[in-house]
Structure formats: structure tokens, C-alpha cells
Amino acid sequence: MIICPYCDAENIEGADECAECGEALWDLSVRVPASSVEGDLLRDRIERLWPKSPSTVSPNTPVGQVLKKMVDERIGCVMVVDGGKLAGIFSERDALMKLNTDAARFMERPISQFMTPDPVTLETNDKIAFALHKMNVGGYRHIPILFGGKLAGVISIRDILRYLTERIAAAAAQR
Ligand SMILES: [Zn+2]
């Protein structure tokens, strides 16, 4: 077995790419992080980003109320929670893509009709490199974070950019 450095999944010896995250494994034996920042990404876990507590709404919350909440709280997405379980995510992008100029007509409709159901989630102990990979491949800007299977927070591309900026500055300071 070889352990994927991005997502910690076990893969069979000789696998070209990780069955879990799709990253190339073939050159692992010779692979050394190209920079200290890449090393940080492969070592640090999502908890290090201090995921924000998520703003939540229920599936039957009207669209208009959800949009107002996002504007008031200056947030890019809300988690749609049904009976304590994550049912979906509604983001700025959903608002633009699905509501668009018809938004006014949909104000009273339940958010469940416009959310992205069953979103990809990660755990607090997943690696930041894995989160970056998921965002990159899936085109996600926000990923809900679970702790012990329960919704614990949300991370955004901005959180990862902030982390990268800090790490790059730290690496430069060490030189
Ligand atoms: Zn992997």
C-alpha cells in the first residue's frame, strides 16, 4: 500500500494516480515538495484554516429571506440544514446562475428548489492540499466542513488564498 500525500487514502502499490483524489502518484518515490509552501499544503489540515461557523437556513426558507441574509451577513453562501443534517448549499453563484434576472419572481419559493443538493464535504482533518484539489476539479468556491460527521464550518477559496499568502510571506521571511 502507498499513502496518498494529498488525501491520505491508501492505494495499491504501483497505482499511477490516487483512486480517491486523482492526484498523480507515479513519481512519489522521488517526489520532494518543490517549495516550503507546497510542503505546508501537504502537511497542514483544514482545521488550520479555522473554518467559519456556517450560516444555516432550513430547506423551506424563502429565497428572498436567504438573499437578504447573505447580503446582511456579507457571506458568499449558506448551508441548508434539514433536521440537523446538511441537505445542500446555496452560494452567490447559485443566485447568479439559477435566479438571474428572474430573481424577483422566485422570492417566495423555498431555497431547496435552488440549492445545490448533497454538496461535496470535507473533514477538519483533511489536508489543505486535498481541499484545494477538490475546489480545483469541482469548480467549488465553498466547501462545507464536517467534524465527526456533523456540519462544523465552511471554507472558501478566500480562506485558502489567505493561508497561501501567509505561508508565502513566512517562507520569504526565512530566506
Ligand atoms: Zn489522494
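A salt bridge here is a side-chain nitrogen of Lys or Arg within 4 Å of a carboxyl oxygen of Asp or Glu. Keep that cut-off at hand for the tour, and bear in mind that the model on your screen is predicted.

**Stop 1: Arg43 and Asp44**

Select Arg43 and Asp44 and show their side chains. Their closest N and O atoms are 3.5 Å apart, and the two residues form a salt bridge. Color by accessibility if your viewer allows: Asp44 counts as buried, at 11% relative accessibility.

**Stop 2: Lys69 and Glu73**

Now move to Lys69 and Glu73, whose side chains form a salt bridge with an N to O distance of 3.0 Å. Are these two buried or partly exposed? Lys69 is partly exposed at 24% relative accessibility, and Glu73 is also partly exposed, with a value of 39%. Then add Asp40, Arg48 and Arg167 to the Arg43 and Asp44 selection: salt bridges with shared partners link these five residues into one network.

**Stop 3: Asp8 and Lys127**

How many salt bridges are there by this rule? The count is twelve. Another one to display joins the side chains of Asp8 and Lys127, at 3.0 Å from N to O. Asp8 sits in the loop between β1 and β2, while Lys127 sits in the loop between β7 (122–123) and α5 (128–138), so this pair ties together parts 119 residues apart in sequence. Asp8 is partly exposed, at 32% relative accessible area, whereas Lys127 is buried at 10%.

**Stop 4: the zinc ion**

Center the view on the zinc ion and select Cys4, Cys7, Cys18 and Cys21. The SG atoms of these residues are its protein donors, at 2.2 to 2.4 Å from the ion. Which geometry does the site of the zinc ion have? The site is tetrahedral, with angles of 106 to 112 degrees among the four donor atoms. Along the chain, the donors are spaced as C-x2-C-x10-C-x2-C. Cys4 belongs to the loop between β1 (2–3) and β2 (10–11) and Cys21 to the loop between β2 and α1 (36–43), so the pair ties together parts that lie 17 residues apart in sequence. Switch to a surface view to check burial: Cys4 is buried with a relative accessible area of 0%, and Cys21 is buried with 7%.

**Stop 5: β4, β5 and β6**

Next, draw residues 77–82 as a ribbon: this is strand β4, which runs antiparallel to β5 and is joined to β5 by six bridges. Asp82 has Lys85 of β5 as its bridge partner. Two residues lie between the strands of this hairpin, and Gly83 takes a positive phi near 55 degrees there.

Then highlight β5 itself, residues 85–91. Five of its seven residues are buried, so the strand is largely enclosed by the rest of the structure. β5 also pairs with strand β6 (residues 116–117), in the antiparallel sense and over two bridges. To locate this pairing, select Ile89 and its bridge partner in β6, Thr116.

**Stop 6: the β7-β8-β9 sheet**

Turn to the open sheet of three strands, ordered β7-β8-β9, where the pairing is mixed. β7 and β9 are the edge strands, each pairing on one side only. β7 runs parallel to strand β8 (residues 142–147), and two bridges join them. Select Leu122 and look across to β8, where Ile145 stands opposite.

**Stop 7: the largest pocket**

Which residues are closest to the centre of the largest pocket? Select Lys52, Ile75, Gly76, His142 and Ser156: of the 18 lining residues, these are the closest to its centre. The volume of the largest pocket is about 350 Å³. β9 (150–156) and α6 (157–174) each contribute at least two residues to the lining of the largest pocket.

**Stop 8: two backbone angles**

Most residues other than glycine have a negative phi. Select Trp50, which is not a glycine yet has a positive phi of about 50 degrees. Trp50 is found in the loop between α1 and β3 (56–57) and counts as exposed, at 70% relative accessibility.

Finish at Asp118, another non-glycine with a positive phi, here about 45 degrees. Asp118 is in the loop between β6 and β7, and its relative accessible area of 66% makes it exposed.

Notes. Residues are numbered from 1 along each chain as its sequence is written. This is a predicted model: local features need pLDDT of at least 70, side-chain atom pairs count only at pLDDT 80 or more; totals for chains, interfaces and linings use all residues. Side-chain values use heavy atoms; hydrogens and water are left out. Donors are N, O and S atoms within 2.8 Å of the metal (3.2 Å for Na, K and Ca); water is not among the atoms, so sites may look incomplete. Four donors count as tetrahedral if all angles lie between 85 and 135 degrees; four count as square planar and six as octahedral if opposite donors are over 155 degrees apart and all others between 65 and 115; anything else is irregular. Helices (H or I, at least four residues) and strands (E, at least two) are DSSP runs, numbered from the N terminus. Buried means under 20% relative accessible area, exposed over 50%, partly exposed in between (1.4 Å probe, protein chains only). Two strands pair if DSSP finds at least two bridges between them. On a 1 Å grid over the protein atoms alone, a cavity is a set of points where a 1.4 Å probe fits but cannot get out, and a pocket is an open set with protein on both sides within 12 Å along at least five of seven lines; lining residues have an atom within 4 Å of a point. Grid points are joined across faces, edges and corners, and a volume is the space filled by probe spheres set on the points.
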